[in-house]
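Here's a walk through one chain, residue by residue at first and then as a whole. Have the model open beside you as you read.

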Amino acid sequence: MSLSLALNLLAVLLSAAALVTSVAVSRRQLALAQNSNVLPIILQLFKETRDPEFSRAIEYISHDLAREYAPDNGYRRLPPEARAHVRRVALFYDDVGKLVAFGVVDERLIIGSYGTNIVCMWDDLAPYIYRERVISTKAMLFFEDLAARAKSRPMASVHVQLGLAQCRPSPE
């Protein structure tokens with residue numbers, strides 16, 4: 001092998017290594033940029049679920065809605081206070097479902113954080129939502145999709161997949 005051929009091969013190898021490195025760095029920078037764009041959205045989601053009014057809406061739906069009102073007329077014809085509770089929770093999870101369905105937010109983050117509550121709220125609200133679909137419009141499709149995802153991938157399985165550690169209290 002001549003010296004010029006060896007130098008040419010070395011140059012090609014170095015160019016290939018530089019290209020691979022450049023692609024890897026570019027992909028990493030793109031992922032970081034996407035994450036920084038999504039972070040405010042995620043923080044707003046967390047803030048919403050910690051709001052006392054959101055908690056009151058969850059509690060109302062869980063304990064009082066079905067006892068006070070049958071789903072016969074959907075949710076849009078409920079009295080204003082009941083309708084406000086339903087809309088607050090259902091529209092929140094419908095919007096979160098949109099973010100998950102379009103790949104804006106990682107499904108594991110949402111299901112790992114809210115999975116059980118998503119399923120419970122869907123189970124409580126589904127009769128009202130399905131009736132609303134018959135009466136007027138195809139409502140809450142993304143909420144339903146999110147609930148189906150959460151039912152098929154329980155929170156505990158997401159926690160295991162993420163390798164979440166436990167730190168049990170020390171015995172006294």
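## His 85 in helix 4

His 85 sits in helix 4, the stretch covering residues 80–101. Its relative accessible area comes to 12%, and since anything under 20% counts as buried, His 85 falls in the buried class. Bear in mind that this is a predicted model.

What does His 85 touch once residues up to four places away in sequence are set aside? The list is Arg 56, Ala 57, Tyr 60 and Ile 61.

## Arg 108 and its partners

Move along to helix 5, which spans residues 107–135, and you'll find Arg 108. Its relative accessibility is 29%, so Arg 108 counts as partly exposed.

Skip the neighbours within four places in sequence, and Arg 108 still has contacts with Ser 113, Arg 153, Val 158, Gln 161 and Leu 162. Val 158 is worth picking out of that group: 50 residues separate Arg 108 from Val 158 along the chain, yet their C-alpha atoms are 6.2 Å apart.

## Met 140, in the loop

Between helix 5 and helix 6 (141–152) there's a loop, and Met 140 belongs to it. Is Met 140 buried or exposed? With 5% relative accessibility, Met 140 counts as buried.

The backbone deserves a look too. Most residues other than glycine have a negative phi. Met 140 isn't a glycine, but its phi is positive, near 60°.

## Ala 18, in helix 1

Ala 18 lies in helix 1, which takes in residues 3–50. At 45% relative accessibility, Ala 18 is classed as partly exposed.

How far apart are the C-alpha atoms of Ala 18 and Glu 59? They're separated by 57 Å, with the two positions 41 residues apart along the chain. Set that beside the pair from helix 5: Arg 108 and Val 158 are 50 residues apart in sequence, with C-alpha atoms separated by 6.2 Å.

## The chain as a whole

Zooming out, you're looking at seven helices and zero strands. Read from the N terminus on, the order is simply α-α-α-α-α-α-α. The radius of gyration is 25 Å, well over the 16 Å that the globule rule gives for 172 residues, so the chain is more spread out than a compact globule. Along the principal axes, the C-alpha atoms fill a box of roughly 90 × 55 × 25 Å.

Contacts between residues 24 or more positions apart make up 76% of those with a separation of 6 or more. As for burial, 29% of the 172 residues count as buried, with His 85 and Met 140 among them.

## Surface, charges and cysteines

The chain exposes about 11200 Å², and 59% of that comes from carbon and sulfur atoms. On the charge side, there are 20 positive and 18 negative side chains. The centres of those two sets lie 7 Å apart.

Last up, the cysteines. A disulfide is a covalent bond between the sulfur atoms of two cysteines. How many disulfides does the structure hold? The count is zero. Cys 120 is partly exposed, at 38% relative accessibility, whereas Cys 167 reaches 77% and counts as exposed.

Definitions and conventions
Residues are numbered from 1 along each chain as its sequence is written. This is a predicted model: local features need pLDDT of at least 70, side-chain atom pairs count only at pLDDT 80 or more; totals for chains, interfaces and linings use all residues. Side-chain values use heavy atoms; hydrogens and water are left out. Helices (H or I, at least four residues) and strands (E, at least two) are DSSP runs, numbered from the N terminus. The radius of gyration is taken over C-alpha atoms; the globule rule is 2.2 Å times the number of residues to the power 0.38. Buried means under 20% relative accessible area, exposed over 50%, partly exposed in between (1.4 Å probe, protein chains only). Contact means heavy atoms within 4.5 Å. Accessible areas come from the Shrake-Rupley method with a 1.4 Å probe; for residues, only the protein chains shown count as cover. Lys and Arg count as positive and Asp and Glu as negative; His and the chain ends are not counted. The place of a charge is taken as NZ of Lys, CZ of Arg, CG of Asp or CD of Glu. A disulfide is a pair of cysteine sulfur atoms within 2.5 Å.
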